[in-house]
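These are my notebook entries on the structure shown below. I looked up backbone features, the ligand surroundings and helix packing, in that order.

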Amino acid sequence: VNIPFYDLGAAQRTALADIQVALQRVASSGWYILGPELENFEREFANYCGSAHCVGVSNGLDALHLILRAYGIGNGDEVIVPSNTYIATWLAVTQAGATPVPVEPDEATHCIDPARIEAAVTSRTKAIIAVHLYGHTVDMAPIRNVVERCNLRLIEDAAQAHGARYRSQPAGTLGDAAAFSFFPTKNLGALGDAGGITTNDSALAEELRLLRNYGSRRKYYNDKQGYNARLDEIQAAVLSAKLPHLDRWNEERRTFADIYLDRLAGIDGLILPEIAPDVEHVWHQFVVRSAHRDDLQRALADAGIGTMIHYPVPPHRSRAYSGADWPALPLADKLALEILSLPIGNDQTPETVRVVADVIEDYFGRRGR
Ligand SMILES: *Cc1c(COP(=O)(O)O)cnc(C)c1O
């Protein structure tokens with residue numbers, strides 16, 4: 001058995017011909033930055049999400065950071081973030097000069113627990129970043145109530161949730177603005193770094209277009225101290241080539257998740273991911289929990305199966321944030337010790353997923369239901 005956690009080349013094989021056409025078109029076009037490919041992709045991705053605007057940017061971290069900058073969030077401000085997220089969510093806040101205020105997750109879905117948010121709001125709170133972790137959308141309705149009561153911005157970190165839905169509404173339209181990453185391993189990935197922001201707010205979109213391009217509307221005339229945070233023509237063209245495949249790829253991930261959920265149900269000592277009833281999950285990761293996580297990971301590795309941990313060190317425990325006095329975050333700590341991501345990428349097949357399930361059943365001493 002040799003089942004790598006993720007083989008990117010294999011995962012996008014069904015789009016390879018389309019990608020090659022796009023690459024050649026851009027290579028011979030003579031136009032590589034801020035051109036027709038970017039405009040095309042922005043229109044297509046905005047349509048896909050059902051949002052009025054998409055602003056292509058350099059990566060997911062910059063997408064989050066630019067949203068905060070465009071809202072004028074910075075020094076002295078607080079932004080509520082999940083305690084268990086990829087560190088980029090926190091880095092965007094500190095890069096803007098603001099302070100991340102961590103809130104613990106709902107253990108069933110791993111997403112930020114709406115019931116704990118209001119207690120974290122202070123007079124300095126300006127925004128909440130809701131991370132649709134692993135492809136499961138955050139329970140937004142109760143958060144919208146807090147946001148309205150306290151007059152906050154609601155920002156989605158949709159880096160893992162392309163195509164996911166909450167109460168039939170797509171990720172990217174569930175807050176005031178949403179940051180997407182198109183890092184190669186995401187459900188929709190470029191062939192390098194790439195990101196995007198969706199919003200229905202025209203003024204915000206205009207400000208983001210300024211900030212991503214040196215604060216300039218007209219070449220060499222600069223209205224703002226902006227950034228170089230643009231999405232290249234070549235990555236935009238690749239993303240346009242891959243976007244028509246996204247729904248099928250997400251559907252495939254759902255098939256794999258269903259196999260895992262069916263085969264691994266009821267194993268003592270293994271906790272499966274839960275899906276809230278109003279959520280359409282896109283399974284960026286399939287994350288199980290076990291008190292014997294390290295041993296289980298070793299058993300899978302011995303059987304030739306790759307797994308990963310998303311993420312082994314919660315942001316507040318990382319050396320990068322060791323200087324600050326974080327509150328106790330026991331759930332983030334516990335989850336980091338128990339979580340394990342099983343292979344679920346588009347390089348898998350129902351057969352490989354069943355083999356992974358077999359090995360897990362063997363490990364827990366149960367086989368053949
Ligand atoms: C990938 C990711 C990001 C950052 O995206 P990059 O394109 O790598 O900068 C931010 N938040 C989450 C939740 C992510 O998974």
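Entry 1, the loop with Y311. I worked from a predicted model throughout. I located Y311 in the loop between helix 10 (293-302) and helix 11 (330-338). I then checked the peptide bond that joins H310 and Y311 and found it to be cis, with omega at about 10°. For context, I noted that most peptide bonds are trans. Y311 also appears in my list of residues around the ligand, to which I return in Entry 3.

Entry 2, the loop with L34. I looked up L34 and placed it in the loop between helix 2 and helix 3 (36-49). Its phi is near 50°, a positive value in a residue other than glycine. I recorded beside this that most residues other than glycine have a negative phi.

Entry 3, the ligand. Which residues are around the ligand? I listed N59, G60, L61, Y86, A88, V131, D157, A159, Q160, S181, K186 and Y311. I then looked up polar contacts for three members of this list.
- For G60, I found a backbone N or O atom 2.8 Å from an oxygen atom of the ligand.
- For D157, I found a polar side-chain atom 2.7 Å from a nitrogen atom of the ligand.
- For S181, I found a polar side-chain atom 2.6 Å from an oxygen atom of the ligand.

Entry 4, helix 4 and helix 7. G60 led me on to helix 4, which covers residues 60-70. I examined its packing with helix 7 (residues 202-212): the axes come within 10 Å and cross at roughly 115°. I recorded the crossing as right-handed. In helix 4, L66, I67, R69 and A70 take part in the contact, and they meet L204, E207, L208, L211 and R212 in helix 7. I sorted these residues by class and noted six nonpolar, no polar and three charged.

Entry 5, helix 2 and helix 8. How do helix 2 and helix 8 lie, roughly parallel or roughly antiparallel? I read a packing angle of about 150° between helix 2 (residues 16-27) and helix 8 (residues 233-242), with their axes 8 Å apart. An angle over 145 degrees counts as roughly antiparallel, so helix 2 and helix 8 are roughly antiparallel to each other. Helix 2 passes helix 8 in a right-handed crossing. From helix 2, I listed D18, I19, A22, L23, R25 and V26, which meet E233, I234, A237, V238, A241 and K242 in helix 8. By class, I entered eight nonpolar, no polar and four charged residues for this contact.

Entry 6, helix 9 and helix 12. I found that the axes of helix 9 (residues 246-263) and helix 12 (residues 350-363) come within 10 Å and cross at roughly 25°. Angles under 35 degrees count as roughly parallel, and helix 9 and helix 12 are therefore roughly parallel to each other. Their crossing is right-handed. F256, I259, Y260 and R263 in helix 9 meet P350, V353, R354, V356, A357, D358 and E361 in helix 12. I counted seven nonpolar, no polar and four charged residues in the contact of helix 9 with helix 12.

Notes. Residues numbered from 1 in each chain as written. Predicted model: local features only at pLDDT ≥ 70, side-chain atom pairs only at ≥ 80, totals over all residues. Heavy atoms only, no water. Axes fitted to C-alpha atoms, helices over the stretch in contact; angles between N-to-C directions. Parallel < 35°, antiparallel > 145°, perpendicular 65-115°, else oblique. Left-handed = near helix turned anticlockwise from the far one by under 90°. Contact = heavy atoms within 4.5 Å. Nonpolar A, V, L, I, M, F, W, Y, C, P; charged D, E, K, R; others polar. Near = heavy atom within 4 Å. Polar contact = N/O pair within 3.5 Å; in protein donor to acceptor, adjacent residues only side chain to side chain.
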